[in-house]
Amino acid sequence: MKVKARTKTFTFVYPDFEYNITKKGMKPEPGGWYHEGIAQLAAIIETKGWKVNLIHIRKPIKKEEFLSNINKHNPDIVGFSIRTGVREYAKKLIKWSSRLDKFIIAGSYHPTLWPDEVIQWDGIDAICLGEGEKPVEQIIDLANSGKEIDKIGSVWIKEKNGSVHKNSVQPLTENLDNLPLPKFDIFHFKNLIASQIKAAIIVLTRGCPYNCTYCWNNFARSLYPNKHCYVRYRSPKNCIKYIKKVQKTYPEVMTFRFQDDLWPFYNDWFENFSKEYEKNVGLPFECHLRANLLTEDIIKRLKEIKCFGIYFGVESGNEYIRNTILKRNMTEQVLLDAFAACHKFGIRTHAYNIVGLPHENMKTVLDTVKLNAKLKPTDMFFPVFFPYAGSELYDIAVESGYFDPQKPLKPDVNVEMPDFKKNQIKFSSLYSKTFVRLYQLVLGFPGIFRRVFESTLDLLWLFPYWPFPVLNWYIKTKRKVEEKLKVFIKTRFFSLYLLLKK
Ligand code: B12
Ligand code: SF4
């Protein structure tokens with residue numbers, strides 16, 4: 001197959017929203033997220049002298065609007081970036097595009113996880129498995145020279161007769177400093193949710209050496225022939241260039257949110273990065289870190305360079321669930337120490353948990369609630385476990401008979417467990433935070449009072465006959481009203497919002 005280079009234009013399509021289940025069915029919740037992969041590929045395409053643009057779909061649009069957007073750009077290549085959550089909508093978009101004479105390629109998580117499914121979608125010409133820098137660069141080079149693209153590594157190509165060339169995945173780009181800096185301005189800052197609070201998302205590293213069973217990294221690492229160098233990070237100097245470019249593109253930015261899976265603390269990277277950041281940037285930031293990689297000295301240093309919040313994976317307070325089912329490899333004490341050090345230095349803490357995990361029940365979630373009460377996070381999240389294909393936990397859920405992969409995925413509860421009913425899982429997700437705050441209060445009581453109130457809370461949590469559907473409906477409605485009020489204040493009275501947040 002050949003790709004024509006007529007207009008030398010590459011248009012990305014990024015469906016960027018979530019679905020919520022409501023009484024009236026699935027309701028899309030608008031998105032607006034920066035996407036490092038698209039910005040990075042766009043920079044590569046630009047260095048090849050092609051025009052590159054983006055159709056950023058933050059809520060579903062109609063066929064006519066979508067096609068007219070594509071026609072406006074008149075690209076040679078349309079590249080879809082597809083997460084699993086929006087696969088059905090993306091499939092529809094690709095079908096609509098099929099009547100235009102364009103080369104259509106899909107990449108990102110869903111095509112990588114489900115290549116055999118996606119390559120069969122109507123309208124698809126090719127899919128890209130895993131990282132896309134080298135494949136995209138090679139497609140453009142071959143389009144420019146009018147040659148066949150059939151042998152490009154990481155790319156599967158579907159011929160008109162339906163036959164598929166399945167090329168194996170090519171090695172990772174080992175040195176991230178060799179990539180051009182991402183083309184941040186492919187996104188309109190005002191379209192991004194983070195921009196409401198004048199924040200920018202930043203991704204300086206790729207990969208993670210751990211093997212948590214619910215995470216995509218394990219599968220992603222296994223894709224590549226050079227998996228030994230899966231964990232990569234830009235050099236501190238290159239990171240500063242990257243951040244400076246973000247600041248130049250979005251001068252409004254006041255804070256950063258580093259979305260890296262983790263930062264390398266095991267060599268001098270952090271020492272050098274922190275010096276450079278302090279000297280050349282100095283803006284407040286939040287980041288995601290693994291508790292076992294932190295020492296009190298590192299946390300102190302993070303505070304010095306204006307870290308005001310850390311997102312931690314706590315995941316479960318139950319030892320068996322955390323370390324055997326999730327393979328977190330982390331003791332309770334490690335978490336307690338990291339949170340205590342953050343409190344000491346005045347860094348806000350955010351705890352990520354998951355409820356409704358395979359082999360869970362109300363008792364194991366209670367352990368999670370109680371651990372969070374001891375950690376005293378500034379904020380915490382309790383989403384319901386979602387079986388992401390490719391993760392070890394997905395296989396565990398299937399093998400245990402808790403999840404039927406033939407059934408369509410739902411955005412809320414997908415597992416069926418005899419000891420943990422769906423409404424209890426939803427209850428756990430919706431009420432854990434309230435119980436954490438109650439336990440926090442009770443843990444401060446003296447001796448006997450503490451024991452009495454703690455036992456009472458235990459009984460309340462474990463009581464099996466609550467009208468769970470009614471309680472779940474009540475809290476959801478309450479939160480929706482609160483959320484609407486928050487967005488209203490954020491968009492209309494930003495200073496008041498900041499004041500209240502403080
Ligand atoms: C940063 C991040 C975020 C950020 C930014 C989101 C974004 N759109 O990138 C925020 C916090 C907003 C976020 C939110 C969510 N995220 Co998130 N996030 C990540 C994280 C940690 C890193 C992603 C990243 O920047 N990687 C680096 C870039 C360079 O890689 P990349 O995006 O994969 O792009 C490369 C390839 O995929 C490919 N490619 C991508 N697009 C295309 C298109 C074409 C045409 C081609 C050829 C190639 C190609 O080339 C790119 C360059 O190499 C990953 C976990 C991980 N380690 O990957 C999870 C991850 C992507 N998130 C995930 C999820 C589920 C979510 C949420 C749905 C969570 C929620 N319930 O709200 C939301 C969805 C919001 C959204 N619209 O994306 C899942 C996706 C699973 C799946 N199967 O779809 C992941 C994998 C985490 C996990 N569960 O393991 N997330
Ligand atoms: S530490 Fe985080 S990013 Fe790394 S494998 Fe575990 S969950 Fe994934």
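Is T368 buried or exposed in this predicted model, and how many other C-beta atoms lie within 10 Å? The legends below take up T368 first, and then turn to the whole chain, the domains, the core, the ligands and several local backbone features.

**Figure 1. Close-up of T368 in helix α13, which spans residues 362-375.** T368 is buried, because 28 other C-beta atoms lie within 10 Å and a residue counts as buried at 20 or more. Leaving aside residues up to four places away in sequence, T368 touches S316, G317, N318, N353, V355 and S432. The view does not extend to A39, a residue 329 places from T368 along the chain, and the C-alpha atoms of A39 and T368 are separated by 37 Å.

**Figure 2. Overview of the protein chain, with its 18 helices and 17 strands.** The radius of gyration of the protein chain is 24 Å, close to the 23 Å that the globule rule gives for 502 residues, and the chain is therefore as compact as a globular protein of that length. Taken along the principal axes, the box that the C-alpha atoms fill is roughly 80 × 55 × 50 Å. Of the 502 residues, 36% are buried. When contacts between residues at least 6 apart in sequence are considered, 76% of them join residues at least 24 apart.

**Figure 3. The contact between domain 1 and domain 2.** The protein chain is divided into domain 1 (9-166), domain 2 (177-469) and domain 3 (470-502). The C-alpha centres of domain 1 and domain 2 are 29 Å apart, and 26 residues of domain 1 are in contact with 24 residues of domain 2. On the side of domain 1 that touches domain 2, at least two residues each are supplied by β2 (17-22), α1, β4 (51-57) and α4, and α1 gives the most, with 9 residues. By class, the residues on this side of domain 1 divide into 15 nonpolar, 7 polar and 4 charged.

**Figure 4. The largest nonpolar core, a set of 118 residues.** The residues with the most contacts inside this core are I45 and I127, while helix α15 (residues 422-443) provides the largest share of the core, 7 residues. Because domain 1 (9-166) and domain 2 (177-469) both give residues to this core, it lies between them. In soluble globular proteins, nonpolar side chains tend to be buried together. For I45, the residues touched, not counting those up to four places away in sequence, are F10, W50, V52, V136 and I140.

**Figure 5. The shell of 36 residues around ligand 1.** Among these residues, G37, G79, G107, G132 and W216 come nearest to ligand 1. The elements that give two or more residues to the shell are α1 (36-47), β5 (77-81), β6 (103-107), α4 (109-113) and α6 (133-144), and α1 gives the most, with 5 residues. By class, the shell around ligand 1 has 14 nonpolar, 14 polar and 8 charged residues. Ligand 1 lies between domain 1 (9-166) and domain 2 (177-469), because both domains give residues to its shell.

**Figure 6. The residues that surround ligand 2.** Ligand 2 is surrounded by C208, Y210, C212, C215, N217, D261, R290 and G313. Divided by class, this shell has 4 nonpolar, 2 polar and 2 charged residues.

**Figure 7. S108 and E315, two residues with positive phi.** S108 is not a glycine, although its phi is positive, at about 90°, and its place is in the loop between β6 and α4. With 22 other C-beta atoms within 10 Å, S108 is buried. E315, which is likewise not a glycine, has a positive phi of about 70° and lies in strand β15 (residues 307-315). E315 is also buried, with 25 other C-beta atoms within 10 Å.

**Figure 8. Helix α2, residues 63-73, and the residue that follows.** Helix α2 is hardly covered, since the count of buried residues among its 11 residues is 0. The residue after α2 is N74, whose phi is positive, near 45°.

Notes:
Residues numbered from 1 in each chain as written. Chains lettered and ligands numbered in written order. Near = placed C-beta within 6 Å. Helix = DSSP H or I, 4+ residues; strand = E, 2+ residues; numbered from the N terminus. Nonpolar A, V, L, I, M, F, W, Y, C, P; charged D, E, K, R; others polar. Domains from an automatic or database assignment. Rg over C-alpha atoms; globule rule 2.2 N^0.38 Å. Buried ≥ 20, exposed ≤ 12 C-beta atoms within 10 Å, placed from the backbone. Contact = placed C-beta atoms within 7 Å. Core = buried A, V, L, I, M, F, W, Y, C linked by C-beta atoms within 7 Å.
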